[in-house]
Amino acid sequence: MVERRHLLDVDHLNRADIESLLDTALSFSEVLKRPIKKVPSLRGKTVVNLFYEPSTRTRMSFEVAAKRLSADVLNFSVSASSVEKGESFKDTALTLEAMGIDAVVVRHPVAGAPWLLSRWLKACVINAGDGMHAHPTQALLDLFVLRERLGELEGKTIAFVGDVLHSRVARSGMKACSSVGMKVILVAPPTLLPLKLPHVDIYHDFDRALPLCDVLYMLRIQKERQEEGRFPSLEEYTRLYQLNMQRLRWAKSGVVVMHPGPMNRGVEISSEVAEAPHAAMTAQVSAGVAVRMAVLFSLLGGAEGSESIA
Amino acid sequence: MRALPELLIKGARVIDPFRGVDEKLDVLVSRGRISKLGRRIAAEGREVIEAAGMVLSPGFLDLHVHLREPGREDAESLESGLSAALRGGFTAVCCMPNTQPPLDNAPLVEALHHKARGLRLADLFPVGCISRGRQGRELAEMALMHFSDAAVRAFSDDGDGVTDSGLMRRAMEYATAFGGVIVSHPEDPYLSAHGQVNEGSVSQRLGLRGITPLAEEVMVARDLLLAEATDCRLHLAHVSTERSVRMIREAKERGVPVSAEATPHHLLLSEEDIESYDTAYKVNPPLRSLHDLEALREGLRDGTIDAIATDHAPHTLEEKEREFDYAPFGVVGMESAFPVLYSGLVVQGHLSLERLLELLTSGPARVLGLEAPAYGEGIVEGARADLVLLQLDKEWVLDAFSFASKGRNCPFHGRSVRGGIFCTIKNGAVFHGPLREKGG
């Protein structure tokens, strides 16, 4: 993860790295407001979206980002069912390498798969989500939105609410928020929380945490967690942890509501909240393109061999 | 391999845990047996191994190896596995029955036993299944395996815990009829489900699913209760946690007929060594915390743990070189065991050489109730010449690609170690260890 050629997680980005990436993203977000939303920065470069998990949103976001930078984009989706009988991950990687691609954007259900790719390939590897491990571009785009909405982030409080244990979004988000000086709290039943972490407060009672937060980050709850016995029913979960208008009233007036998508309306978040002015979900999507442009540009653009982001 | 009519091992420090011998002696081997011990035996034209500065021990016994035959001979075979044993100093090994098909019947264990004898490598003591087909539902024909030519004395569904407590109780009761040892793979699959590494700081950091120590401890506790109630000889395989060690210690104090083994990797590596997603460190039970590692070492010193066993588990490169969740659990261990244990425990002052040798010879023999002539005659005139000569001062680098095993999945690959196998002598025949291959 130390290599400067790849973006595997946010661990090795310090505050200055993050801020410079967000500044780059800001200038790209201005490009995206122009009538001709395209710059020639990565002309002649080839980016492959290698997706072992279905994800229309993230893949499209990376595809648009690369195209806005004039890179050539290939999409390669591998269904989970064909993994066992199909070509090995290593052979797929070596095939891409042999085609001379410049960057691989990888989404994989197994933690560490991007790390493996970074060991096998000379190309840049960008982690677009691996297992329960990391989702660094999501964390960066979330910070981009928060900077837009809240200005200075130092000292602000963000709560990740819901299935923190299985969430790569929360895992990378917590690290990124801490490194820009935000306070992180977690709200979830004990069965959906990771082990105790230093500097992170834990609340099982959402209503007690609500008034403390500048940001409420709602995580997607998956039905299979109920089947694993981590909570008794979606109804009970909804009663205890859904962000609805009633709860929103207890929150700070300027609270920002976020969600990585896709939302389960009526479960972790009510439809009214999803469309309330506090909600930043569409801003997250727009920021996604600009931030991913910044990441691609930082890794692939500029002079050969120059150091870029972590 | 060279069958020698007469061989003189000169000047070694002879340490025999079976007889409490520790002195400098010359050892003469004739026609596969130790024919003479003495302070000074003249060479008289015999083949001589100059062993001054080396240690001569009875050949080691490994209670826990996976030789993959029948079914996965691409990963290991009797021939490659038993050659690896000799290269690692083991003159006898117990192979686990989780083969394809599993070793759950007398004809199969007999066939394996006879094939191994024909190879004239290390001795093989097959472990039989507890349950038919290793399915955990009904008992396998344990007594028929016991009374077969293979003389199976230990039974295990290793690879999986026996989750049906009623079946485990019956297995223990039944095994007392013929003195069988029940070897428990203590793992509650409901607690370990989908886990990849120890549940703790590393599972957290790497985003891998954790295996809680409780998955082991719950079953250790259950099996200790069952052994106490049935008075069956219970052996706990690859113990890895502090609480397991503590429960075993307490059970032994109460007189429960229990023994336990620990592996070199659990004694020398912890979850802290898993910096990245290198599947060479993926093993079950998982590498635990430093706190657990210390407790295991204390267990070696105070006798709570009776034996060191490698849980040698070869896998092909292509099986291991893939996404972490998809790679199989297991590390190879027979050819790295002594050098890593000596370097990591003895040289570092955590364990005496004498205790280490007990844990590799007389300790495991007691676990199985093995006695001469099957194993453990010791270094005495008339005994079978099953010996290992250890060179302790040599610094060298472990290379998994030089192993006789087909497995390369060794977490110690590339490590600098001190001490190793100079040669192993089995029935009087000399098999070179890595240090003799290197030209001494």
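**Exercise 1. In this predicted model, determine which residue of β9(A) stands opposite A:Val215, and describe how the strand carrying A:Val215 is placed between its neighbours.**

*Solution.*
Step 1. The residue opposite A:Val215 in β9(A) is A:Val256.
Step 2. This pair belongs to a parallel pairing of β8(A) with β9(A), residues 256-258, which comprises three bridges.
Step 3. β8(A) also runs parallel to β5(A), residues 157-161, and four bridges join the two. Here A:Val215 is the bridge partner of A:Ile158.
Step 4. Strands of a sheet pair through backbone hydrogen bonds, in either a parallel or an antiparallel sense.
Step 5. Consider next the side chains of β8(A), residues 215-218: A:Val215 and A:Tyr217 point one way, A:Leu216 and A:Met218 the other. In a regular strand, side chains alternate between the two faces of the sheet. All four of these residues are buried.

**Exercise 2. Identify which residues touch the most other members of the largest nonpolar core, and examine the surroundings of B:Leu389.**

*Solution.*
Step 1. The core has 241 residues, and those touching the most other members are A:Ala103, A:Val104, A:Val161, A:Leu216, A:Leu296, B:Leu56 and B:Leu389.
Step 2. Helix α13(A), residues 281-300, supplies the largest share of this core, namely eleven residues.
Step 3. Leaving aside residues up to four places away in sequence, B:Leu389 touches B:Ile9, B:Ala12, B:Ile49, B:Ala51, B:Met54, B:Leu56, B:Phe422 and B:Cys423.

**Exercise 3. State how many residues each chain gives to the contact between A and B, and classify those of chain B.**

*Solution.*
Step 1. Chain A gives 18 residues and chain B gives 14.
Step 2. The chain B side divides into five nonpolar, four polar and five charged residues.

**Exercise 4. Characterise the overall fold of chain B, and locate the edge strands of its open five-stranded sheet.**

*Solution.*
Step 1. Chain B contains 15 helices and 18 strands.
Step 2. Its radius of gyration is 21 Å, close to the 22 Å given by the globule rule for 440 residues, so chain B is as compact as a globular protein of that length.
Step 3. The C-alpha trace spans about 65 × 50 × 45 Å along the principal axes, and 60% of the 440 residues count as buried.
Step 4. Among contacts between residues at least 6 apart in sequence, 75% join residues at least 24 apart.
Step 5. The open sheet has the order β9-β10-β13-β14-β15 with parallel pairing. Its edge strands are β9(B), 154-155, and β15(B), 307-308, each pairing on one side only.
Step 6. At the β15(B) edge, two bridges link this strand in the parallel sense to β14(B), residues 258-262, and B:Glu261 stands opposite B:Ala307.

Note on methods. Residues numbered from 1 in each chain as written. Chains lettered and ligands numbered in written order. Predicted model: local features only at pLDDT ≥ 70, side-chain atom pairs only at ≥ 80, totals over all residues. Buried ≥ 20, exposed ≤ 12 C-beta atoms within 10 Å, placed from the backbone. Pairing = 2+ DSSP bridges. Core = buried A, V, L, I, M, F, W, Y, C linked by C-beta atoms within 7 Å. Contact = placed C-beta atoms within 7 Å. Nonpolar A, V, L, I, M, F, W, Y, C, P; charged D, E, K, R; others polar. Rg over C-alpha atoms; globule rule 2.2 N^0.38 Å.
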